[in-house]
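Grab a coffee and work through these exercises with the structure open beside you. Try each task before reading its solution.

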Amino acid sequence: MTKRWTRRDFLLRWLPAVLGGWLGACQSFLRPAPTPTPMPPTPTPPPSPMEAITAALEAIRREDPEALWPWLTPASRAALSLEDLRTLWRATLNAVSVQAVEIQPLAVIQEGEVAQARYRIRWKTALFGELEAEGTLELRLLPEGWRVVWRDALLWPALGEGERFRVEYVIPERANLYDRDGQSLAAQGDWVEIGIVPGQITDEGLLLQRLAQVTGLPPEAIRSRYAFGRPDWYMPILALPADYVAPFAADLEATPGVKLRVQSGRIYAGVAPQTVGIVGKIPAEELDAWRRRGYRGDEWVGRMGLEAWGEPYLAGTHGGRLFIQPAQPEGTPRLIAERPFIPGRSITTTLSRNFQAQVEEIFGDRTGAVVVMDPRNGDLLAIVSNPGFDPNALLRPNSPPPPPGAFLNRATQGLYPPGSIFKIVMMAAALTHGFTPRSVFQDPGYWDGLGPGYRKWCWLRTGHGLVDLPTALTVSCNVAFYQIGFALHQQDPDLVPQMARAFGLGTPTGIRGIPEEAGLVPDAAWRAQQGGRPWSAGDAVNMAIGQSDLLVTPLQIARMMAAVANGGILYRPRLVARINRAPGQPEEIFEPEAQGRLPVSEEALSAIRQGLVGVTTHPRGTATWVFRGMPFQVAGKTGTAETAHGQLPHAWFACYAPADRPELVVVVVVEHGGQGSAVAAPLARQILEAYYGLPRTPLPAPPAQEDR
């Protein structure tokens, strides 16, 4: 019989079991989970050294010690100051004549807090060509990051600590400058180099006293030139012409520590000094640049004119041997590279030395310029610029300075208003834009075309009367050219400026060998750029007689006259005829070069030439009185260019001769000389006479009425 469960049974037997199970479950749930065994931490890798490596290699490539400096370790910076680093870096690269640095990273090895970076470095040098080596950057991980350990090998991998480069130079003799006939304009002669061997000095006070007397240098400057030399090194001080040193030679040779070495130096013919130029010592501020070109630093180099332009030819290329000098004096130098020198090449010019001397003598001490050109090819036979200087005197110590402005080549760099010379351009513009040789102009002595209150006067106050266009050029009639300038401006304000540029004005001629100025042809666009009042008819009228803001060089006028004479060809003025051959180097010839043609017809050129011949032959020609008795006709134009108020005008004369078969162009400008016919034209006649071997006509007294 099944037992029936009572309430009392349930309470006594099952409820405790149920409650016990439930409480056990609760205790299990509430009990904290056991703590897991911790895993060991993953170590943090050190940062990459690539940022430091990249920055350091880039600083080396850019030759930038300032950029490298922050990436050096504190210990490296403490051992080597930034200024010392700059000096060491500059001296190293200068010594080897480094012109460019190339860096190629190769590999990086990192072991904990130490890293090495392999790289390849290539120097492109002027003296030894390309040098290549492999180097290593050493890096340390510091609290502030990766830093580079300085080693002298960072300058060049083959350098050990304390080692330096040393160069034994082989310097070729400077080549000569010649005129068209082979006469020297600048040649090598005997000079004496004064040097010091520091270890042989016994009485430095006496040595400095004697050297200061000879060289003109202060004692401290002399001492600085040998102070850092090793006892057995020969340290050059200064080179002087042999004839200058001769009176002091005995005392110098008797002074312990002084050594005299005879060497080649520059001697000048003394003509065309601004064009031929001069050599000189390398200025301190340019020394780094010259050493990077492969120069030792104490050479005499071209400082102006053809000497400067021709430096790569005349000086040749230095040769030499590159050594690594051990830190210890008794160590044996290691030869790294060597290269033979390349001899200099002489330059032949188009100048005629004897004729140049004659032109200079004719021009005298006047301030201004002369250009003599062959219109058939653009050859320059003479270039005079005054004031000038004696190049031989300037090479001596304590020579007086040349007069102010003596180094300016007024023939190519002097800028002048052309005055009535510009009427040649105006006539060409007129004949190309509506006027003819038969066009006539009435000149009562003045012109009122700009309106009441703006009267413009002719230089001949009584007027020239009725003149045609060629005659207007012959008599230099201002009124005729006022009218032409006004009429062309009404057509198009750019007509005359465009014609002036087509005649070679306002732009460089392209001459080789010497610097030049472009000049200025003003126009409406130029005036707008200046921010002044707009270009006006008054400006055009003033420019018609060669005034306004118009500026030209004498060389530009010579080139323009040559084109009129030869049928319209604008030649590049030729000063350098050829670079002569040297062993292994061919001759380089600069042929005559036609650069363009005048944009005028032969009929127009013929009319212009007619007017120019009239200047020296017509009864009313402005220079007829100057050229009476010449055995051939001269075609020319006078010019009187107004300058600042209260100063005399510039005197111009430009011509070619003989008029029927032109062989010579002569341009003369005398600054503040007065009237062109009275001052410049007689000088041009004497220059023509000198060229053709004619007796020189005395400079005439000017007539009472002078032309413009």
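## Exercise 1: A pair of charged side chains

Glu66 is partly exposed, with a relative accessible area of 35%. Keep in mind that this is a predicted model.

**Task.** Find out which residue Glu66 forms a salt bridge with, and which helices the two residues lie in.

*Solution.*
- Start with the chemistry: side chains of opposite charge can pair when their charged atoms come close.
- Now look around Glu66: the partner is Arg86, with the closest N and O atoms 2.2 Å apart.
- Glu66 lies in helix α3 and Arg86 in helix α5, so the salt bridge ties together parts 20 residues apart in sequence.
- Check the partner's surroundings too: Arg86 is partly exposed, at a relative accessible area of 26%.

## Exercise 2: Two other salt bridges

**Task.** Work out whether Arg266 and Glu307 are buried or exposed, then do likewise for Arg609 and Glu602.

*Solution.*
- Begin with Arg266 and Glu307, whose side chains meet in a salt bridge at 2.8 Å, N to O.
- Arg266 belongs to strand β9 (residues 258–268) and Glu307 to helix α12 (residues 305–309), so this pair links parts that are 41 residues apart in sequence.
- Both Arg266 and Glu307 are buried.
- Move on to Arg609 and Glu602, which meet in a salt bridge at 3.0 Å, N to O.
- The cut-off for buried is under 20% relative accessible area, and Arg609 has 17%, so Arg609 counts as buried.
- Glu602 has 48%, which makes it partly exposed.
- For the wider picture, the count comes to 42 salt bridges. There's also a network of them linking Glu102, Arg118, Arg120, Arg122, Lys124, Glu130, Glu132 and Glu134.

## Exercise 3: The sides of α2

**Task.** Say which residues of α2 are buried, and what they pack against.

*Solution.*
- Get the helix in view: α2 runs over residues 50–61, has 12 residues and reaches 16 Å from its first C-alpha to its last, close to the 16 Å expected.
- Its buried residues are Ala52, Ile53, Ala56, Leu57, Ala59 and Ile60.
- They cover an arc of only 155 degrees around the axis, so they sit on the same side of α2.
- Over on the other side, Glu51 and Thr54 are exposed.
- The buried residues pack against α3 (65–68), α5 (82–95), β1 (98–111), β2 (114–125), β3 (129–142) and β4 (145–148).
- Just past the helix comes Glu63, with a positive phi near 55 degrees.

## Exercise 4: One face of α14

**Task.** Where do the buried residues of α14 fall when seen down the axis of the helix?

*Solution.*
- List them: in α14 (residues 353–363), the buried residues are Phe355, Gln356, Val359, Ile362 and Phe363.
- Seen down the axis, they fall within an arc of 125 degrees, so they line one face of the helix.
- They pack against β15 (368–373), β16 (380–386), β27 (664–670) and α26 (676–692).
- Just after α14, Gly364 has a positive phi of about 65 degrees.

## Exercise 5: Into the nonpolar cores

**Task.** Name the residues with the most contacts inside the largest nonpolar core.

*Solution.*
- The largest core has 102 residues, and Phe503 and Ile557 have the most contacts inside it.
- Helix α23 (residues 554–566) gives this core its largest share, nine residues.
- Leaving out residues up to four places away in sequence, Phe503 touches Ile424, Val425, Ala428, Met560, Val564, Leu570, Leu598 and Val600.
- A second, separate core has 45 residues, including Val101, Ile103, Leu127 and Phe128.

Methods: Residues are numbered from 1 along each chain as its sequence is written. This is a predicted model: local features need pLDDT of at least 70, side-chain atom pairs count only at pLDDT 80 or more; totals for chains, interfaces and linings use all residues. Side-chain values use heavy atoms; hydrogens and water are left out. Buried means under 20% relative accessible area, exposed over 50%, partly exposed in between (1.4 Å probe, protein chains only). Helices (H or I, at least four residues) and strands (E, at least two) are DSSP runs, numbered from the N terminus. The arc is that of the directions from the helix axis to the C-beta atoms. Contact means heavy atoms within 4.5 Å. The expected span of a helix is 1.5 Å times one less than its number of residues. A salt bridge is a side-chain nitrogen of Lys or Arg within 4 Å of a carboxyl oxygen of Asp or Glu. A nonpolar core is a set of buried Ala, Val, Leu, Ile, Met, Phe, Trp, Tyr and Cys residues joined through side-chain atoms within 4.5 Å.
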